[in-house]
Structures are given as C-alpha cells and as structure tokens.
Amino acid sequence: MKIGITGANGQLGRLLVKKLKKRTDVDDLIALVRTPSKVIDLGIDARVFDYDVPEALAESLQGIDRLMIISSSEIGQRKRQHANVIDAAKKAGIKSIVYTSLLKADSSSMSLAPEHLATESHLKSSGIPNTILRNGWYTENYTNSLKSSVKAGVIIGSAGEGRISSATREDYAEAAAVVLTNKGHLGKVYELSGDEVYTLNDLAAEVSQQVGKQIPYKNLAESEYANALEEYGLPEELAKAYAGLDYAASKGDLYDDGSILSRLIGRPTTPLEDVIKVALS
Ligand SMILES: NC(=O)c1ccc[n+]([C@@H]2O[C@H](COP(=O)([O-])OP(=O)(O)OC[C@H]3O[C@@H](n4cnc5c(N)ncnc54)[C@H](OP(=O)(O)O)[C@@H]3O)[C@@H](O)[C@H]2O)c1
C-alpha cells in the first residue's frame, strides 16, 4: 500500500512521515513536495508536487494507493489548490484520501472554515473514499510567542474567556498516521481536539507559575489586538486575520470535548504544561 503525503516538508508533514516510518515500510512512503531536495533528510522517495501546477499532479500520483492531503498554507488559494489535487487523484485512480480540515468546519465562525468546507464537499463529490481529520488548533500557536510575552510581561489576545482544547502537531500527526495505516476509518469525519480545556487566563497562570512571576493575560478588542499585532510587525491583513481567529476562540470555535484524538492515538494528548515548558526552555 503506497502512501503519498503532500506538505511533507511542512511542520506537520515532517512529524507525520517520522510516525509513518515506524508503522509501515519506508519504501511505501512518497513525499509529494514542491522541492524534493528539501526532504532528502526524511529518507523516503520524493516527487515534485505543486498544487498550483494542476497539469503535472496526476502523473506524480501514479502508483500511489492512499493519499494524505495536508491542507495548504496559502490561505485564500486553498479551495482551488485542494480541488486541483482531488481532481488529479481521481484521474490517477487514488483509492482513498485523508484530508486535514478544521475543527467544526461546518459550523465554525472562523474565516478559515469556508475553504476547508469547500474541500470537504469537493472530496465528497469526487466519490473517492475518504477520511476527514478536522484538526483543532495547534497548542504551538499559543506557545511559540511565549518567550516574547514573558519579556513584555503580558500575554495579549482577543479570546476572552473562550475555552480552548488544542493539541500539539505531534498529537495530530500521530492521529493521521493511525488513520493512514489502519482499516476502519473510511467515511469518517473526526473532530480532533486536545483532552485539556483552558482559557488564555489559564495559559497565563501556568506561564506565571513556570517563570515565577506574574504574566497576566490582557484581553483586547479584536481591532485593538489587530493593531498590536501590526505594531509587532505583522502585515495589516495578516494581523486582522489573526485577531479575527483569536476572537472566534471567544465564541467557542476552538473548543470540543469529544476526546476522539486521544482515543485514536491511544494516549492522552500532550499536556499544556509540557508544551509551555518546552517553549520557555
Ligand atoms: N490547526 C492549526 O492550528 C493550524 C495552524 C496553521 C496551519 N494549519 C493548517 O495545517 C497545515 C499544516 O500545518 P503545518 O504547521 O505543517 O504548516 P506548514 O509548516 O506551513 O506547512 C505547509 C506545507 O504546505 C505546503 N504548500 C504550500 N503551498 C503549496 C503548494 N502550492 N504546493 C504544494 N505544497 C504547498 C508547503 O510546502 P513547502 O515546504 O514547499 O513550502 C508546506 O510544506 C497548514 O498548511 C494549514 O493548512 C493548521
């Protein structure tokens, strides 16, 4: 069973390949990437695969049975890009597809949701048997900037008291590896989230405890947060988008209590405390 993995050079893709190598024959794994020379270290076959070059995609998929589509990072282009991949998969006779979507893609108020939902719908109409992994937020989205927050003495955001049940890329990668290498997952839509539920106030309390001084969480209006992000150097559009996503968290868009992720991976998801420890080390 040959498995092709798009986005294999990305942060999630790299973790997924490492996990797949432990679960299946290395010769059965194929990285589908824009620049094969960047994934030599992964130690698996690699083929050129650019979502924006639709005419070349089906050829690169020849001989692959199962396709992992890791959603593209090019926000705004993804509906078209993912459709290109699904159409090529159909042409190449791919037997099944696993796709990384967004938590509650069909009801989320997040600006990211429509592109994911459009892909889910395209996948459904393609008739290719599939599994949808509706991934929740990465815990790293909050912990990557913690060192500078500690330096500034405050954590800012627009998530209010919104409950967040994030998980690490490692957790989501493990789930994808399980689904790709086991039977019984086709036709399923999995809402994936972390076991732990926290607010940004809880996050700030844990950070404060670990650094031994008070680092409070300051909630800002969405527009104020966007301005602050712009002051940190983010382009205006991106700053607005990030602030909007954080505000969506205040409405519960990043919360889910289904525990499907931990059930799939057969262990609890990585505790927030541990992710913070690594981020601050
Ligand atoms: N759940 C969350 O919190 C969250 C957060 C951020 C993103 N996401 C979604 O999850 C995906 C995986 O996350 P990640 O952290 O691994 O993101 P990432 O590190 O940015 O990786 C994204 C991958 O997409 C590939 N890509 C972008 N445009 C492409 C194109 N035109 N053709 C082929 N490949 C293309 C990139 O290829 P190159 O290596 O060639 O650049 C890269 O490998 C993201 O792309 C995004 O859709 C989820």
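## Strand β5 and its partners

How many bridges join β5 to strand β6, and in which sense do the two run? In this predicted model, six bridges join β5 to β6 (residues 130-135), and the two strands run parallel. To find the pairing on screen, look for Ile97, which stands opposite Asn130 in β6. Between β5 and β6 the chain passes through helix α4, and this β-α-β crossover is right-handed.

β5 also pairs with β4, again in the parallel sense, over four bridges. Here a good landmark is Ile69, which stands opposite Tyr99 in β5. The chain gets from β4 to β5 by way of α3, in a β-α-β crossover that is right-handed.

Is β5 mostly covered or open? It is mostly covered, since seven of its seven residues are buried. Try following the side chains along the strand: Ser96, Val98, Thr100 and Leu102 point one way, while Ile97, Tyr99 and Ser101 point the other way. Residues on both sides are buried.

## Helix α3

Now step back to the helix that leads into β5. Helix α3 covers residues 78-92, which makes 15 residues. From its first C-alpha to its last it reaches 21 Å, close to the 21 Å expected at 1.5 Å a residue. Just after α3 comes Gly93, whose phi is positive, near 75°.

Which residues of α3 are buried? They are Gln81, His82, Asn84, Val85, Ile86, Ala88 and Ala89. A general rule helps when you read such a list: an α-helix has 3.6 residues a turn, so residues three or four places apart point the same way. The buried residues of α3 pack against several elements: the strands β1 (3-6), β4 (66-69) and β5 (96-102), and the helices α2 (54-60) and α4 (113-126).

## Around the ligand

Let us turn to the ligand. It is surrounded by 25 residues, and the closest are Asn9, Gly10, Leu12, Ser71 and Ser73. Helix α1 (residues 11-23) gives the largest share of this shell, three residues. What classes of residue make up the shell? There are seven nonpolar, 13 polar and five charged residues.

## Two residues with distant partners

Leu15 has its place in helix α1. It counts as partly exposed because it has 19 C-beta neighbours inside 10 Å, and a residue needs 20 or more to be buried. Leaving out residues up to four places away in sequence, Leu15 touches Arg169, Glu170 and Ala173. Leu15 and Asp171 are 156 residues apart along the chain, yet their C-alpha atoms are separated by 9.5 Å.

Trp137 sits in the loop between β6 and α5 (140-143). This residue counts as buried because it has 21 C-beta neighbours inside 10 Å. Beyond its neighbours within four places in sequence, Trp137 is in contact with Ile164, Ser166 and Leu254. Trp137 and Leu245 lie 108 residues apart in sequence and 10 Å apart in space, C-alpha to C-alpha.

## Two loop residues with positive phi

Lys104 is found in the loop between β5 and α4. Its phi is near 50°, a positive value in a residue other than glycine. Is Lys104 buried or partly exposed? It is partly exposed, because 19 other C-beta atoms lie within 10 Å.

Ser259 lies in the loop between α10 (236-250) and α11 (260-265). Although Ser259 is not a glycine, it has a positive phi of about 55°. With 16 C-beta neighbours inside 10 Å, Ser259 counts as partly exposed.

Terms used: Residues numbered from 1 in each chain as written. Predicted model: local features only at pLDDT ≥ 70, side-chain atom pairs only at ≥ 80, totals over all residues. Expected span 1.5 Å × (residues − 1). Buried ≥ 20, exposed ≤ 12 C-beta atoms within 10 Å, placed from the backbone. Contact = placed C-beta atoms within 7 Å. Pairing = 2+ DSSP bridges. Right-handed = clockwise from strand over helix to strand, strands pointing away. Near = placed C-beta within 6 Å. Nonpolar A, V, L, I, M, F, W, Y, C, P; charged D, E, K, R; others polar.
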